[in-house]
Amino acid sequence: MRKTKEYSDQELSRIISEYTHSLVRLAFTYTKSVPDAEDIVQEVMVRLITKKPYFENKTHEKAWMVRVTINTSINYVKAVKRHKNEPLDYDIPEIPKEEYYLVELIDQLSEKYRTVLYLYYFEGYAIKEIAQIMKKSESTITTWMARGRKKLKGLLLEREGEL
Amino acid sequence: MNRIEEEYREMLSRIKPEESFEQELLETLKQAQIQKKKPKTKVGRKLFIRHIHQAATAMAACMCVVIIGIKTPAAATFRGFYERFCISVSQTYEKNVKADEIPINKQVNIGNKGKIYLNDAVMTSEGISIRYEVKDKGNYDDVYPSEVIIATEDGDREVLEQENYIPVSDQKNNTKYYGTFQKHTAEIQKFIGKETSCTLVFLGEKGGEVQEEKIKIKFMPRSMYKVKTVASNDDWVYNKKENISYRIKNITLNVWYMKVEYEWKSQEDQDFLSFELSDEYKKQYLSLGETADINKENRKIGTVFFERTDDDTRKMIFKPVWLKESKNGTQMEKKIDGQGITTTKGE
């Protein structure tokens, strides 16, 4: 079932003010660039108004927005990667260079671990909500979180050993 | 650990869209609803389409262009980015690789009614190259390879990431590609002469959703094709008229194509440089596709893929061309008068 009517200006304003900041941050964790993350969010919003998916409730709407942002961001990363031999080069004015290690550290985690950790620790989603977004069971999400944290800890210790 | 989480959280809290973004987005969406047209992204990639001139070869193959469309948003750290992949329908282009060929000849189903035909593969010193055909995309909008996982019963396992995929033909629903997946020689060598399980991961895109399609095959690679560097160079050529300097950095010969990496310096930040290739007998070679980035001052880099030059030639002559976009959005190319780059093939 799809929404048949077009979105009113009020509905669009509500969606934009409710989701833009968190989706830009989420897309940023993949793109490492704010303008690219903004492009991804625009793409997601355009998909929303053209596909007009039907949402049972607010949680469903939120889950759709997050999932499409993740997929669009993954596509972006794949597209850049498949045409470049070098890793993504980034220049993030919002972050001082001495903090880049954090981005690089988190980047070493696989996509799924990074995403669940981000959604849980930063955006404050419950395991159940993350399971809905990622279309996985709650136990899988719990396992990914545990593994992600363990891997991150290992990387951190490794880095501290090198310093 | 908690400190890292806290630092990461604090760092991300500084990531915010531009102040005007929400308002601009609202206007863009309102317009998109009225015009029922997909709006442009802020820093969208430039996609240049160049119709390739028919190569002056004996083969009079009809020429056509296949473009791999960019469906994803732009790389903002690059002030410009363009790519295009194209090739003629040329049977003669499909080089014979009998010496190192691993025949596969297997058709597999993907998604809903999709079909991929795997022709053959070649283990190379830089990974693995696979020739495949997307016979039918099924319910997907786009299908392309992502990675290859190879493993033996002895416990050796390597994941090779896709480097590129180049179309060989533009026949509808019957498109053949060369897919290249990278790894270092040492990691590939151990698979030679061993029964190898191979999982080819393709990605199917449908309305923004991405689905993994895994294809499992087994083969025994008996030899390895050595990817050769046929020339490398550090010298710049300066063209006074255009006020541009350029150099061909590296030329490598892969199983089915030749990869040419180059750099340029110019004041024209919105234009992209590429090259045409011919040999000492004035035969022109097909450009199979290219990518280029303008990302930082004095660091403009590009890669162009050509068909392999004939074995009996000694020289490769690269003529620079500008790829430009005019104000009305049309795409054009302009040949640059003056000095090209002539390179002698090494062994």
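A salt bridge here is a side-chain nitrogen of Lys or Arg within 4 Å of a carboxyl oxygen of Asp or Glu. With that in hand, let's walk through some close-up views of this predicted model.

**Figure 1. E18(A) and K58(A) form a salt bridge in chain A.** The closest N and O atoms of E18(A) and K58(A) are 2.9 Å apart, which is inside the 4 Å limit for a salt bridge. The two partners come from distant parts of the chain: E18(A) belongs to helix 1 of chain A, K58(A) belongs to helix 3 (residues 58–82) of chain A, and 40 residues separate them. E18(A) is partly exposed, with a relative accessibility of 36%. K58(A) is also classed as partly exposed, at 46%. Follow the charges a little further and you meet a network of salt bridges that links R14(A), E18(A), K58(A) and E61(A). Over all chains, the whole structure holds 20 salt bridges.

**Figure 2. R47(A) and E43(A) pair within helix 2 of chain A.** In this salt bridge the closest N and O atoms lie 3.9 Å apart. R47(A) and E43(A) are about one helical turn from each other, because they sit four residues apart in helix 2 (residues 34–51) of chain A. Both R47(A) and E43(A) are buried.

**Figure 3. In chain B, a salt bridge joins R247(B) to D234(B).** The closest N and O atoms of this pair are 3.9 Å apart. R247(B) is found in strand 12 (residues 244–253) of chain B, while D234(B) is in the loop between strand 10 (228–232) and strand 11 (237–239), so the pair ties together parts that are 13 residues apart in sequence. Are the two partners buried or exposed? R247(B) has a relative accessible area of 13% and is therefore buried, whereas D234(B), at 53%, is exposed.

**Figure 4. Helix 1 of chain A carries S22(A) and R25(A).** This helix covers residues 9–31. S22(A) counts as buried because its relative accessibility is 17%, under the 20% limit. R25(A) is buried too, with a relative accessible area of 14%. What does each residue touch, once neighbours up to four places away in sequence are set aside? S22(A) is in contact with Y118(A) and E123(A). R25(A) touches Y118(A), F122(A) and E123(A), and also L12(B) and I15(B) of chain B.

**Figure 5. Helix 4 of chain A packs against helix 1 of chain B.** Helix 4 (residues 100–107) of chain A and helix 1 (residues 2–13) of chain B have axes 10 Å apart, at an angle of about 110°. The two helices are therefore roughly perpendicular. Their crossing is left-handed. On the chain A side, the residues that meet the partner helix are Y101(A), L102(A), V103(A), L105(A) and I106(A). On the chain B side, they are R3(B), I4(B), E7(B), Y8(B) and M11(B). Sorted by class, this contact has eight nonpolar and two charged residues, with no polar ones.

**Figure 6. Helix 5 and helix 6 of chain A cross at roughly 140°.** The axes of helix 5 (residues 111–122) and helix 6 (residues 127–134) come within 10 Å of each other. At this angle, helix 5 of chain A is oblique to helix 6 of chain A. The crossing of these two helices is right-handed. Helix 5 contributes K112(A), T115(A), V116(A), L119(A) and Y120(A) to the contact, and helix 6 contributes I127(A), I130(A), I133(A) and M134(A). By class, the contact has seven nonpolar, one polar and one charged residues.

**Figure 7. Chain A has seven helices and zero strands.** Stepping back from the close-ups, you can read the chain along its sequence as α-α-α-α-α-α-α. Of the 163 residues of chain A, 54% count as buried. Now consider the contacts in chain A between residues at least 6 apart in sequence: 66% of them join residues at least 24 apart.

Notes
Residues numbered from 1 in each chain as written. Chains lettered and ligands numbered in written order. Predicted model: local features only at pLDDT ≥ 70, side-chain atom pairs only at ≥ 80, totals over all residues. Heavy atoms only, no water. Buried < 20%, exposed > 50% of the residue type's maximum accessible area, 1.4 Å probe, protein only. Contact = heavy atoms within 4.5 Å. Axes fitted to C-alpha atoms, helices over the stretch in contact; angles between N-to-C directions. Parallel < 35°, antiparallel > 145°, perpendicular 65-115°, else oblique. Left-handed = near helix turned anticlockwise from the far one by under 90°. Nonpolar A, V, L, I, M, F, W, Y, C, P; charged D, E, K, R; others polar.
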